[in-house]
Amino acid sequence: MKLLNCVSLRDSFHILTITLLSLLLPLSFLLLARSSSAYYVLSLNSNPSIHLSSFLSFILYSNPSVLYVLVSIVSIATLIHGLTGKLTIVSELPSPILRPRLYISWIFLCTLQVCVTLGIEGSIAAGIDGSSFGMERSLLSKVIFFLGLHDTMLHWSRVVVKPVVDDTVFGNAREERWVGRVAMAASFGTLWWWKLRDEVETLVVVAEVKRELSMGLGVADFVGWWLYYLIVTIGMVRIVKGLMWLGLLWLCRKVRDNSAESCGDEDKV
C-alpha cells in the first residue's frame, strides 16, 4: 500500500512539474506583451502614471532580448517540426542526460521561472494591462493563434521540459500519458481564457498603432509583431495538416467502400 502511494505521489509530482514548467512559454508571451505595452505607454507620456518596480524597470530598460531570443528559437523549431516532422535546433535525448547537463538544465529552467514570475508580478503591481488598447483581432485570428501557441508550448514541453523532468524523477525517458496531456491542455486553456486571449495581441497591436501614428518602431516592436505572426503561421500549419488528415481519412474510407462494392458485384456475377 505504501509502495502504491509512493508511486502515485511521484507520478502526480511528475505531471505537476511538467505542466508548470511547460506554462513558462505562454507566460513568457504574456510578459513580452506587457513589456511591449509598458514601452508604448512610456513613449506616449514623459511622466507616466504607472509606477514601475525596480525589477520591471530593469526588464524594460535592458530590453528583454534573452527572452525574445528564447521564444523565437522555440517558435522557429516548432514551425520547422510542423512542416518537416523533424526535431530541429534541440532534440529529444533517448538516453539519460549527463549529470552536469541536467544541473545546467535545471538552473536554466529555474532561472527562467523566477524571472518570468517576478516580471509578471511586477507588471501587476505597476498596473500594466495589455488589454486596454481597444483594438481586437478577429475571432478567427484568435483561434489560429491559440492553436499555434498550444503547438509551440507542446514542442517546448516535449523537447526541453519533459526530458529533464523524466530523468530527474524516474532516471530515464517516459512515454507521454493522456493524464499529462489533459492536465496541460486544461492549464493552458485556463491561462488563455483568463489573461492571454486579451493581452497577447499587444505584441502586434502596438506595432500597428505606432505605424498609424507615424511613431518610430523599435526592435522590440518589430520582434513582437514577427513573433505574433510566426505563431499564427504555426496555427495555420496545424489546421492545414488537420484538414489533410481528414481528407486522407475520407479518401481511404471511400476507396475501402468502393472496393467492398466491387467485391460484392463480383460475387453476384
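Here are some notes on the fold, one buried arginine and the aromatic residues of this predicted model.

1. Starting with the overall picture: the protein has nine helices and zero strands. Going along the sequence, that reads as α-α-α-α-α-α-α-α-α, so there are no strands to discuss here.

2. On packing, 41% of the 269 residues count as buried. If you take contacts between residues at least 6 apart in sequence, 86% of them join residues at least 24 apart. As for the outside, the protein exposes about 15500 Å², with carbon and sulfur atoms supplying 66% of that area.

3. Have a look at Arg34, which sits in helix 2 (residues 24-44). Is Arg34 buried or exposed? Its relative accessibility is 4%, so Arg34 counts as buried, given that the cut-off for buried is under 20%.

4. Which residues surround Arg34, once neighbours within four places in sequence are set aside? Arg34 is in contact with Ile120, Ser123, Ile124, Ile128, Lys195 and Glu199. Two of these names are worth keeping in mind: Glu199 is a contact of Arg34, and Lys195 comes back in point 8 under the ring contacts.

5. Now the aromatics. Searching the whole structure gives nine aromatic pairs. One to look at is Phe146 with Trp192: the ring centres are 5.3 Å apart and the planes stand at 70°, so this pair is edge-to-face. Phe146 belongs to helix 6 (residues 139-169) and Trp192 to helix 7 (residues 178-199), so the pair ties together distant parts of the chain, 46 residues apart.

6. The two partners differ in burial class. Phe146, at 24% relative accessibility, counts as partly exposed, whereas Trp192, at 10%, counts as buried. The reason is the 20% cut-off: Phe146 has 24%, while Trp192 is under it.

7. The Phe146 and Trp192 rings also belong to a wider group. Ring pairs link them into a cluster with Phe29, Phe145, Phe188, Phe222, Trp225, Tyr228 and Tyr229.

8. Finally, charges over rings. Arg174 lies over the face of Phe170, 4.0 Å from the ring centre. Lys195 does likewise with Trp194, at 5.5 Å from the ring centre. Lys195 is also one of the contacts of Arg34, so this lysine appears in both parts of the note: beside the buried arginine of helix 2 and over the face of Trp194.

Technical notes:
Residues are numbered from 1 along each chain as its sequence is written. This is a predicted model: local features need pLDDT of at least 70, side-chain atom pairs count only at pLDDT 80 or more; totals for chains, interfaces and linings use all residues. Side-chain values use heavy atoms; hydrogens and water are left out. Helices (H or I, at least four residues) and strands (E, at least two) are DSSP runs, numbered from the N terminus. Buried means under 20% relative accessible area, exposed over 50%, partly exposed in between (1.4 Å probe, protein chains only). Contact means heavy atoms within 4.5 Å. Rings of Phe, Tyr and Trp (its six-membered ring) pair if their centres lie within 6.5 Å; planes under 30 degrees apart count as stacked, over 60 as edge-to-face and the rest as tilted. A charge sits over a ring if NZ of Lys or CZ of Arg is within 6 Å of the ring centre and within 35 degrees of the ring normal. Accessible areas come from the Shrake-Rupley method with a 1.4 Å probe; for residues, only the protein chains shown count as cover.
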